[in-house]
Amino acid sequence: MREKHEKTNAMRALDRVKARYAVHSYGSGEAVSGVEVARMLGQDERRVFKTLVTEGKSGAHYAFMVPAAEELDLKKAAACVGEKSLSMLRSKELLPLTGYVHGGCSPIGMKKPLRTVAHETAKDFDAIFFSAGKIGLQIEASLETLRMAVPVELADVVAQR
């Protein structure tokens, strides 16, 4: 039997475009790292993406999706969106801007859609995982499905190890 979840804005946005996706629950509802989410879901951490919100020197905001174990390279990310520099959005500014809390930020269903860039490896998988818009829930969907709900660009935006 399919597990029922209370619909989030992200799920409603996918439903509006009749997208096929799966919802997975994990943990106790407390914010954990992307790597821990991948472990709890039994998934490869390269397939589990975290959504990070930034602010450009211009004042514009951007969403970046990077694999759970990776770090966003702010210089690469800024160049990708044509900004001189980017900084991470402070946690207290996330909810008013996106409607989501730290640890539960989805690239879909934000209060105001943001230009969204995913790390180029998202194209390497049949499906990726990303926040469903609530801590403890992840959406599994293809990149094409994600793009049905929000335009997503691909670029190399992670820091070199």
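This text walks through the helices, the nonpolar cores, the largest pocket and a few exposed positions of the structure above. The model is a predicted one, so please read every value with that in mind.

Let us begin with helix 1, which spans residues 9-16. Four of its residues are buried: Ala 10, Met 11, Ala 13 and Leu 14. Looking down the axis of helix 1, you would find these buried residues within an arc of 160 degrees, so they line one face of the helix. And what do the buried residues of helix 1 pack against? Their partners are strand 1, strand 7 and helix 5.

After helix 1 comes Lys 18, in the loop that leads to strand 1. Lys 18 is worth a pause, since its phi is positive, about 55 degrees, although it is not a glycine. Most residues other than glycine have a negative phi. Is Lys 18 buried or exposed? Its relative accessibility is 73%, so Lys 18 counts as exposed; the cut-off for that word is over 50%.

Next, turn to helix 2, residues 34-41, where Gly 34, Val 37, Ala 38 and Leu 41 are buried. Around the axis of helix 2 these residues fall within an arc of 100 degrees, and therefore they line one face of the helix. That buried set packs against strand 1 (22-25), strand 6 (128-131) and strand 7 (137-141). Right behind helix 2 sits Gly 42, with a positive phi near 70 degrees.

Further along the chain, helix 3 (74-81) and strand 4 (86-88) are linked by a loop that holds Gly 82. With 65% relative accessibility, Gly 82 counts as exposed. From Gly 82 to Ser 58 the distance is 9.9 Å, C-alpha to C-alpha, with their positions 24 residues apart in sequence.

Helix 4 is a good place to compare two sides of one element. Which residues of helix 4 are buried? They are Leu 94, Leu 97 and Thr 98. These three cover an arc of only 85 degrees around the axis, which puts them on the same side of helix 4. On the face turned away from that buried side, helix 4 carries the exposed residues Lys 92 and Pro 96. The cover over the buried residues of helix 4 includes strand 2 and strand 3 (61-67). Just after helix 4 comes Gly 99, with a positive phi of about 90 degrees.

Now for the interior. The largest nonpolar core has 32 residues, and the members that touch the most others are Val 53, Ile 108, Ile 128, Phe 130, Ile 139 and Leu 146. Two or more residues of this core come from each of helix 1, strand 2, strand 3, helix 4, strand 6, strand 7 and helix 5 (143-149). Helix 1 gives the largest share, four residues. Apart from this core lies another, of 13 residues, including Phe 64, Ala 77, Leu 86 and Ala 155.

Ile 108 makes a handy guide to the larger core. Leaving aside residues up to four places away in sequence, Ile 108 touches Ala 10, Ala 13, Leu 14, Tyr 100, Phe 130, Leu 146, Ala 149 and Val 150. You have already met Ala 10, Ala 13 and Leu 14 among the buried residues of helix 1.

From packed side chains we move to empty space. Rolling a probe the size of a water molecule over the atoms shows where such space is left. In this model, the largest pocket holds about 450 Å³ of space. Its lining is made of 24 residues, and those nearest the centre of the pocket are Lys 50, Thr 51, Leu 52, His 102 and Gly 103. Helix 2, strand 2 (49-56), helix 4 (91-98) and strand 6 each give two or more residues to the lining. Strand 2 has the largest share, five residues. How many of the lining residues are nonpolar, polar or charged? The lining divides into 14 nonpolar residues, nine polar and one charged.

Finally, look past strand 8 (152-155), where the segment that follows contains Gln 160. Its relative accessibility of 64% means that Gln 160 counts as exposed. Gln 160 and Ala 68 are 92 residues apart in sequence, and in space their C-alpha atoms are 14 Å apart.

Terms used. Residues numbered from 1 in each chain as written. Predicted model: local features only at pLDDT ≥ 70, side-chain atom pairs only at ≥ 80, totals over all residues. Heavy atoms only, no water. Buried < 20%, exposed > 50% of the residue type's maximum accessible area, 1.4 Å probe, protein only. Arc of directions from axis to C-beta. Contact = heavy atoms within 4.5 Å. 1 Å grid on protein atoms, 1.4 Å probe; cavity = no way out; pocket = protein on both sides within 12 Å on 5 of 7 lines; lining within 4 Å. Points joined across faces, edges and corners; volume = space filled by probe spheres on them. Nonpolar A, V, L, I, M, F, W, Y, C, P; charged D, E, K, R; others polar. Core = buried A, V, L, I, M, F, W, Y, C linked by side-chain atoms within 4.5 Å.
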